[in-house]
Amino acid sequence: MRFKKVLSVVDCHAEGESGKVVVGGVGQVPGETMFEKRVHLETHMDDIRKMVLYTWMQAL
């Protein structure tokens, strides 16, 4: 199987809350501030969030 997109993701937790941090594979995100980058990701690349969020469910 060949993948079109490969992400580097780190699982982390703080004070009992778990989360995933994407540390590579997204490329350059347009925007001058982190807020602008977040808005761009939210409006144009939300498939990344959904993939990271829902992939763990398939492993259960």
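# Why we call it that: a guided chat

Visitor: Why is Arg49 called partly exposed?

Guide: Arg49 has a relative accessible area of 44%. Exposed would need over 50%, and buried would need under 20%. The 44% of Arg49 falls in between, so Arg49 counts as partly exposed. Keep in mind that we're looking at a predicted model.

Visitor: What makes Asp46 and Arg49 a salt bridge?

Guide: You look at a side-chain nitrogen of Lys or Arg and a carboxyl oxygen of Asp or Glu, and they have to be within 4 Å. In Asp46 and Arg49 the closest N and O atoms are 2.8 Å apart, so the pair passes the test.

Visitor: Where do Asp46 and Arg49 lie?

Guide: Both are in helix H2, residues 46-59. They are 3 residues apart, which is about one turn of the helix.

Visitor: What makes Lys50 and Asp46 a salt bridge?

Guide: Here the N to O distance is 4.0 Å. The cut-off is within 4 Å, so this pair counts too. Lys50 and Asp46 are 4 residues apart in helix H2, so about one helical turn separates them. Put the two bridges together, and Asp46, Arg49 and Lys50 are joined into one network through shared partners.

Visitor: Are Asp46 and Lys50 buried, exposed or something in between?

Guide: Asp46 has a relative accessible area of 23%, and Lys50 has 42%. Buried means under 20% and exposed means over 50%, so both residues get the label partly exposed.

Visitor: How many salt bridges does the structure hold?

Guide: There are 4. Another one of them links the side chains of Asp11 and Lys20, at 3.2 Å from N to O.

Visitor: Why is Asp11 called exposed, but Lys20 partly exposed?

Guide: Asp11 has a relative accessible area of 58%. That is over 50%, so Asp11 is exposed. Lys20 has 38%, which lies between 20% and 50%, so Lys20 is partly exposed.

Visitor: How do you know that strands E1 and E2 pair?

Guide: Pairing takes at least two bridges between the strands. E1 (residues 8-14) and E2 have 7 bridges, so they pair, and they run antiparallel. Among the partners are Asp11 with Lys20 in E2, and Cys12 with Gly19 in E2. The hairpin has 2 residues between the strands, and Glu15 takes a positive phi near 55° there.

Visitor: What makes Val10, Val21 and Val23 a patch?

Guide: A patch residue needs over 30% relative accessible area and no salt bridge, and nonpolar side chains are joined within 5 Å. Take Val21, which lies in strand E2, residues 17-24. Val21 has 39% relative accessibility, so it clears the 30% bar, and it is also called partly exposed. Together the three valines form a nonpolar patch on the surface, with about 230 Å² of accessible area. In general, side chains in a regular strand alternate between the two faces of the sheet.

Visitor: Why is Gly31 called partly exposed?

Guide: Gly31 has a relative accessible area of 36%. That is neither under 20% nor over 50%, so the in-between label fits. Gly31 sits in the loop between E2 and helix H1 (34-44).

Visitor: Which residues does Gly31 touch?

Guide: If you leave out residues up to four places away in sequence, Gly31 touches Glu36 and Lys37. Its C-alpha atom is 9.9 Å from that of Leu41, which is 10 residues away along the chain.

Visitor: In what order do the elements of the protein chain run?

Guide: From the N terminus on, you get β-β-α-α, with 2 helices and 2 strands in the chain.

Visitor: How does the radius of gyration of the protein chain sit against that of a compact globule?

Guide: A compact globule of 60 residues would come out near 10 Å, while this chain has 13 Å. The C-alpha atoms fill a box of roughly 40 × 35 × 20 Å.

Visitor: How much of the protein chain is buried?

Guide: Buried residues make up 8% of the 60 residues. The accessible surface comes to about 5600 Å², and 58% of that belongs to carbon and sulfur atoms.

Conventions: Residues are numbered from 1 along each chain as its sequence is written. This is a predicted model: local features need pLDDT of at least 70, side-chain atom pairs count only at pLDDT 80 or more; totals for chains, interfaces and linings use all residues. Side-chain values use heavy atoms; hydrogens and water are left out. Patches are made of residues with over 30% relative accessible area and no salt bridge: like charges are joined within 9 Å, nonpolar side chains (Val, Leu, Ile, Met, Phe, Trp, Tyr) within 5 Å. Accessible areas come from the Shrake-Rupley method with a 1.4 Å probe; for residues, only the protein chains shown count as cover. Buried means under 20% relative accessible area, exposed over 50%, partly exposed in between (1.4 Å probe, protein chains only). The radius of gyration is taken over C-alpha atoms; the globule rule is 2.2 Å times the number of residues to the power 0.38. Contact means heavy atoms within 4.5 Å.
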